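Please walk me through this structure, stop by stop. I have it open in a viewer and want to know what to select next and what is there.

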Amino acid sequence: MDYIKLLEDAGALLRGHFLLTSGLHSGRYIEKFRILENPRLLEKFIQRMLELSVDVDWVVGPTLGGAIIAFELARIMGVKSAYSERDGEGRILRRGFDIKEEDAILIVDDILTTAGSIKDTIKSIEHGKILGAVVMIDRSTGYIDMDIPIHSVLRYPIENYRVEDCPLCKQGLSLTKRGGSNGQRI
Ligand SMILES: [Zn+2]
């Protein structure tokens, strides 16, 4: 499957000159909700995520995108899903999810950039055995230090630039603000 074409056709892969919430600039941006809003489209990623998954008792994802994916994957696998929600700077499992010590867990997420939300999700899980993580798109560029295996449907590194090093600034391209759920943290 040509996942890049799929993203382009859905308007999920933007090219231009973007200001990210981190303050960094980039020449490409993945608008993940163009996929998450479309169950038929998301299904194409979910099918591949399923192939990359191991048998578990729980699929756990960080809100909001990871939670949607966790639900879908768990539905097909016939297991339970849990959602790791923001709690200050970290994440927390609320809602009384009864994950037992002997339960096997898979972590899922939409876009992997620095693995921050996956790390926070792992920290929020107090019981069970985390076997690995599967993400829809891995757009990271550097080395990510994790002690569980991470698989991705699409590996699509996107370079971020500091303002002073940004080649797009040097070309004088106008800047568009993107990212961070439009400033909201959920
Ligand atoms: Zn720039």
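The tour below starts with confidence, then moves through the strands, a helix, the core and a few backbone details.

**Confidence first**

This is a predicted model. Colour it by pLDDT. The mean is 94, and 96% of the residues reach 70 or more. Now select residues 182-186. Here pLDDT stays under 50. The model has five contacts for this stretch beyond four places in sequence.

**Strand β3**

Select residues 58-62, which form strand β3. Are these residues buried or exposed? Five of the five are buried. Turn the strand to see its two faces. Trp58, Val60 and Pro62 point one way. Val59 and Gly61 point the other way. Both sets are buried.

Next, show the partners of β3. Strand β4 pairs with β3 in the parallel sense, over five bridges. One place to look is Trp58, whose bridge partner in β4 is Lys80. Follow the chain between these two strands: the path leaves β3, passes through α4 and arrives at β4. This β-α-β crossover is right-handed.

Strand β6 also pairs with β3 in the parallel sense, here over three bridges. Pick Val60 and find Ile107, its bridge partner in β6.

**A cis peptide after β3**

Select Thr63 and Leu64. The peptide bond from Thr63 to Leu64 is cis, with omega near -5°. Leu64 sits in the loop between β3 and α4.

**The β4-β5 hairpin**

Select residues 80-87 for β4 and residues 90-93 for β5. How do these strands pair? They are antiparallel, with four bridges. Ser84 has Leu93 as its bridge partner in β5. Now zoom in on the turn. Two residues lie between the strands of this hairpin. Gly88 takes a positive phi there, near 65°.

**Helix α3**

Select residues 39-51. This is helix α3, with 13 residues. Its first and last C-alpha atoms are 18 Å apart, close to the 18 Å expected at 1.5 Å a residue.

Which residues of α3 are buried? They are Leu42, Phe45, Ile46 and Met49. An α-helix has 3.6 residues a turn, so residues three or four places apart point the same way. Keep the buried residues of α3 on screen and add what they pack against. Two helices are on the list, α2 (33-36) and α4 (65-77). So are three strands: β6 (104-112), β7 (129-138) and β8 (150-155).

**The nonpolar core**

In soluble globular proteins, nonpolar side chains tend to be buried together. In this model, the largest nonpolar core has 39 residues. Select Val59, Ala70 and Val108, which have the most contacts inside that core.

Centre on Val108. What does Val108 touch, leaving out residues up to four places away in sequence? Among its contacts are Met49, Val59 and Gly61. Gly66, Ile69, Ala70 and Leu73 are on the list too. So are Ala133, Val134 and Val135. Two of these names come from earlier stops: Met49 is a buried residue of α3, and Val59 belongs to one face of β3.

**The four-strand sheet**

Move to the open sheet with the order β9-β2-β1-β10. Its pairing is mixed. Strands β9 (160-161) and β10 (176-177) stand at the edges, each with a single partner strand, so one side of each has no neighbour in the sheet.

Select residues 25-30 for β2. Strands β2 and β9 run antiparallel and are joined by two bridges. His25 has Tyr161 as its bridge partner in β9.

Then select residues 13-19 for β1, and pick Gly16 within it. Gly16 counts as partly exposed because it has 14 C-beta neighbours inside 10 Å. Draw a distance from Gly16 to Ser26. Their C-alpha atoms are separated by 7.9 Å, though the two are ten residues apart along the chain.

**Two positive phi angles**

Select Arg95, in the loop between β5 and β6. Arg95 is not a glycine, yet its phi is positive, about 70°. Arg95 counts as exposed because it has 8 C-beta neighbours inside 10 Å.

Finish at Ala115, in the loop between β6 and α5 (116-124). Ala115 is not a glycine either, and has a positive phi of about 70°. With 19 other C-beta atoms within 10 Å, Ala115 is partly exposed.

Conventions
Residues are numbered from 1 along each chain as its sequence is written. This is a predicted model: local features need pLDDT of at least 70, side-chain atom pairs count only at pLDDT 80 or more; totals for chains, interfaces and linings use all residues. Two strands pair if DSSP finds at least two bridges between them. The expected span of a helix is 1.5 Å times one less than its number of residues. A residue is buried if 20 or more other C-beta atoms lie within 10 Å of its own, exposed if 12 or fewer, and partly exposed in between; C-beta atoms are placed from the backbone. Two residues are in contact if their C-beta atoms, placed from the backbone, lie within 7 Å. pLDDT is the predictor's confidence in each residue, from 0 to 100. A nonpolar core is a set of buried Ala, Val, Leu, Ile, Met, Phe, Trp, Tyr and Cys residues joined through C-beta atoms within 7 Å. A crossover is right-handed if, with the strands pointing away from the viewer, the path from the first strand over the helix to the second runs clockwise.
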